[in-house]
Structures are given as C-alpha cells and as structure tokens.
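Trainee: I have a model open and would like to check the labels on it one by one. Could you walk me through the reasoning?

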Amino acid sequence: MMRKLNKLFMNSIKLQAVSTFLVSLVLFSIVHQASVAMSHVNHVAVTKQYVLQRVALDLPVIPIKREWLNESGDSQEVQNYINSLNEAINKYQWPLKVTFIGPKKPVADYEELSSAEQSVYISFKEKTFPLLHSLSAVPVLFALFFTWLLVFRQHLIQHHKPLEQKVTNSPLLLTIDLRSKLLINARIQKETALSNKPLCFYCALVEYCIANPGVSLNMNKDLPEEFLVLAQKYFYRLIELGHTIRKRPNFESNLDKTLSEIRAALEDVLEQDIKSKEMLIPPKAIGEGSRSKLHSFGLGEINENIVEIVGK
C-alpha cells in the first residue's frame, strides 16, 4: 500500500506541487509570524523608553504624591496628564498606553523611575496586536517560488534529460542547411556560411561518397558524370530557394580553389574536433609530382549517420 502511494506521489506532478506548496506555506508563515512578533516586541521596548524619557522630563510638574515634601498630590491632574500622554501615543500609533503614574508599586508590567527622594512607577498596557498587521503575501510568494524551484524546475530538468542525452549520444556531426547556406556543427551548433559553388560541390561530394564507399576522386582526372549530376541538382535547388539566378557553374574548373574554400569552412565550423575533421574534410594532397597525382579528395570515412543535408 505504501509503495503504491509513493509511486502515485512521484508520478503526479500536481500532487507534488500542492503538497510542497502547502508545507512550504506553513513553514514560511511560521517564520514570518515569528519575525513579526519579534519586531513587535522590539517596538514595544523602544516605545517604553521614549515614554519613560518623556515622563522623567515632566515629573517635576506632575502632581503626584510626594511624602518627603508632605504633598498629597492631585490624582485628577495626574489622570489628565496620563490622558494627554496617551493621546500623543495614539497619534504616533505606538503599541501601548500608560495606565498609572505614582509612587505606589503596581502589580505587573511597570517601569521604575528612581531618585534619591522616592521612586515613581509607570504602569503600561500593551495594545492588542492587529491581525491585519501580521497578514502578508510574502509567505505565499516564497512558497510559490520554492514550489517552482523544487518541483516544476526539477520536473522540467528531468523531462529534458532524455532529449539532452539523445543529442549528446547522437552520431551526427555536421548539418548542411541549403535554406540558409550554412554548415552547422551538430555538437556545439556553431555555424559557418559557404558560397554557392563550394556548397553544391561539397553536398555532391558527401552524397556521392556515401553511395560509393572507398571511391577515389583525383584532381587530375575528370569528375564522374554521376558526381556532376549531383552537383547540378544541388545548384538548381539553390535557385529554387532563391539564393542565385546565375547560370550553372563549371564544377570541374578551379578544383583547388573550391576544395580550399570547403576545407576552410569545415576547419572553422568543426573547431578542434580532429576526429570529425578526418571524416568530413576532403584530404589534402601530400607531396609533389606522381604522389599528388595519385591523391584522392574523396571522403573515405563518410557515412549517412554523421552528416545530414537539410532542404534538398
């Protein structure tokens, strides 16, 4: 039974959110109320000190009973003074009022003003703390934020983890986007633009080498007819996409320049990924004379899983 309830709790995002919100709301409300109560206590203590200072200054003219001077005092005038003092306290909305001033010691909640002649006692009564003063939207806001942080954010992270894992484990290394004429590093999403002729040539090279594994393409020999058809197909696709209105270029002319532009763009977009460069960049000729004549710029390690052409 407990296992079923636990499974229901873990699988229900709504139940998690509601329970987390309620628990956090209670906790934050307790903290808020404790903070408000402590602030109220401090306010009362500070207010008492202000009132005591005022009474101490007025004490010589307050007609309280002074036995050492044989003065009986005037209780009505003392009460009038207390009333005027409380009016001033109410004006400032302080959280207490004075109930007694005199030489007789009160039972509770009093302060003492001492002198060589006699002690005078001031009795206070705290006002009821208004409930509205303790109500606040702060605990609700904190509870909402905590719920989002603990439940919804974690749920989103967990939800996207399989997708992130899929992207990380994907063999795709390069995306060629004909719509934007960009080479895109599939791992880090870096982009590099490529002009029409080398772009079409490279797309044809990729497709041709995938269809003909181990094929040898030599700069000193004519390009296969099938290769040229592919290059022309991609050029016509660029025309359809609105990238060019020029006539079809000669893909067999200036092969050095075309391949150099392709290599430069791939070097930039693949950055320091040496393994990807070995599979995707057309090899350069090494050596002179007969050695370079035997050189192939075909992509010997290319396969359909590591490169995709978008918009063809």
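Trainee: Why is R54 counted as partly exposed?

Mentor: Happy to help, and keep in mind that this is a predicted model. R54 has 39% relative accessibility, and partly exposed covers the range between 20% and 50%, so R54 counts as partly exposed.

Trainee: And what makes D58 buried?

Mentor: Buried means under 20% relative accessible area. D58 has 18%, so the label buried applies.

Trainee: How do you know that D58 and R54 form a salt bridge?

Mentor: The cut-off is a nitrogen to carboxyl oxygen distance within 4 Å. For D58 and R54 the N to O distance is 2.9 Å, so the pair meets the definition of a salt bridge. Both are in helix α2 (residues 13–58), four residues apart, which means about one helical turn separates them.

Trainee: Why is the contact of E207 with K233 called a salt bridge too?

Mentor: Their closest N and O atoms are 3.4 Å apart, and the limit is 4 Å, so the name fits. E207 lies in helix α6 (residues 196–211) and K233 in helix α7 (residues 225–240), so the bridge ties together parts 26 residues apart in sequence.

Trainee: Which of the labels buried, partly exposed or exposed do E207 and K233 get?

Mentor: E207, at 24% relative accessibility, counts as partly exposed, and K233, at 38%, counts as partly exposed as well.

Trainee: How many salt bridges does this rule give?

Mentor: The count comes to seven.

Methods
Residues are numbered from 1 along each chain as its sequence is written. This is a predicted model: local features need pLDDT of at least 70, side-chain atom pairs count only at pLDDT 80 or more; totals for chains, interfaces and linings use all residues. Side-chain values use heavy atoms; hydrogens and water are left out. A salt bridge is a side-chain nitrogen of Lys or Arg within 4 Å of a carboxyl oxygen of Asp or Glu. Helices (H or I, at least four residues) and strands (E, at least two) are DSSP runs, numbered from the N terminus. Buried means under 20% relative accessible area, exposed over 50%, partly exposed in between (1.4 Å probe, protein chains only).
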